[in-house]
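Me: I should like to go through a structure and ask, step by step, how its descriptive terms are justified. May we begin?

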Amino acid sequence: MLAYARRAYDLNGHRRHQRYEAHASELRIFGLAIVPGLMQTEAYTRALFTAARSKQVEKQVALRLARQEALFRPDPPELWVLLDQAVLDRPIGGRRVMAEQLARLREITEMPNVIVRVVPRSVGAYFGLMGAFEVLTVEHGDVAYVEALGSGRLVLDIAEVRTFGKGFELIAAQALPEVPSRRLIERMMEYMRWPPRSTGESRATAA
């Protein structure tokens, strides 16, 4: 019964996740569709909550931006981020907002405690297509978190957490190295700023 309870949908999962996130020593995050919350700009975050028809957009934006303090505390966590290429070329909030977001992402890749790698579209099918998730290393061990509409599921079961950890490794095996990933982010940033005028031009999204 305890095992089933731990796998159940937790209405307060996102709150518990945020408490863990604020004190984690290591964060392993996989983003499939959007830039992870810890790296979002204000405009990008607002566009997401507006599109989701949130009734408290500004409150949600403020809460998400407050989470980012975890990256700048005196003892920041080691942050390992894997992103599907689709995260980079979906113009959330429009091209200007997306260009700003990619510039922020580019800056974050320079932080000494952060590694960002991109899984190129050319990979095709891979483990990560099952959905975004996060593995957090906290004082008593690892926990995992899976995003869900309106909340999320905090995973505490040791065996299940290990499955997510293994999944992260499988995704990493398909990702570009750190430097080529940064260059891809830069190309997409420039594309959002100055898209090609001719429809015949090839897009910068090709990895």
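Reply: Certainly; please note that this is a predicted model. We may start with Gln-40, which is placed in the loop between strand 1 (26-31) and helix 3.

Me: Why does Gln-40 count as buried?

Reply: The relative accessibility of Gln-40 is 1%. Buried means under 20%, and therefore Gln-40 counts as buried.

Me: Which residues does Gln-40 touch, not counting residues up to four places away in sequence?

Reply: Among them are Ile-34 and Val-35, Thr-45 and Leu-48, Arg-64 and Leu-65, as well as Gln-101 and Arg-104.

Me: What makes Glu-78 partly exposed?

Reply: Glu-78, a residue of strand 2 (residues 78-84), has a relative accessibility of 37%. Buried requires a value under 20% and exposed a value over 50%, so a residue in between is partly exposed. Glu-78 therefore counts as partly exposed.

Me: Which residues are in contact with Glu-78, leaving aside its neighbours within four places in sequence?

Reply: They are Ser-25, Glu-26, Leu-27 and Asn-113. In addition, Glu-78 and Pro-112 are 34 residues apart in sequence, while their C-alpha atoms are 8.8 Å apart in space.

Me: Why is helix 3 called oblique to helix 4?

Reply: Helix 3 (residues 42-51) packs against helix 4 at an angle of about 135 degrees, and their axes are 9 Å apart. Angles over 145 degrees count as roughly antiparallel, and those from 65 to 115 as roughly perpendicular. The angle of about 135 degrees belongs to neither class, so helix 3 is oblique to helix 4. Their crossing is right-handed.

Me: Which residues meet where these two helices pack?

Reply: Those in helix 3 include Thr-45, Leu-48 and Phe-49, and those in helix 4 include Val-57, Val-61 and Arg-64.

Me: How do you know that the buried residues of helix 4 line one face?

Reply: The buried residues of helix 4 (residues 57-67) are Val-57, Val-61, Arg-64 and Arg-67. Seen down the helix axis, they fall within an arc of 120 degrees, so they line one face of helix 4.

Me: Which residues have the most contacts inside the largest nonpolar core?

Reply: They are Leu-88 and Leu-102, in a core of 38 residues. Helix 6 (residues 95-108) gives the most to this core, with seven residues. Apart from it lies another core, of 14 residues, among them Phe-30 and Phe-133.

How values were computed
Residues are numbered from 1 along each chain as its sequence is written. This is a predicted model: local features need pLDDT of at least 70, side-chain atom pairs count only at pLDDT 80 or more; totals for chains, interfaces and linings use all residues. Side-chain values use heavy atoms; hydrogens and water are left out. Helices (H or I, at least four residues) and strands (E, at least two) are DSSP runs, numbered from the N terminus. Buried means under 20% relative accessible area, exposed over 50%, partly exposed in between (1.4 Å probe, protein chains only). Contact means heavy atoms within 4.5 Å. The arc is that of the directions from the helix axis to the C-beta atoms. A nonpolar core is a set of buried Ala, Val, Leu, Ile, Met, Phe, Trp, Tyr and Cys residues joined through side-chain atoms within 4.5 Å. Axes are lines fitted to C-alpha atoms, for helices over the stretch in contact, and angles run from 0 to 180 degrees between N-to-C directions. Angles under 35 degrees count as roughly parallel, over 145 as roughly antiparallel, 65 to 115 as roughly perpendicular and the rest as oblique. A crossing is left-handed if the near helix is turned anticlockwise from the far one by less than a right angle, and right-handed if clockwise.
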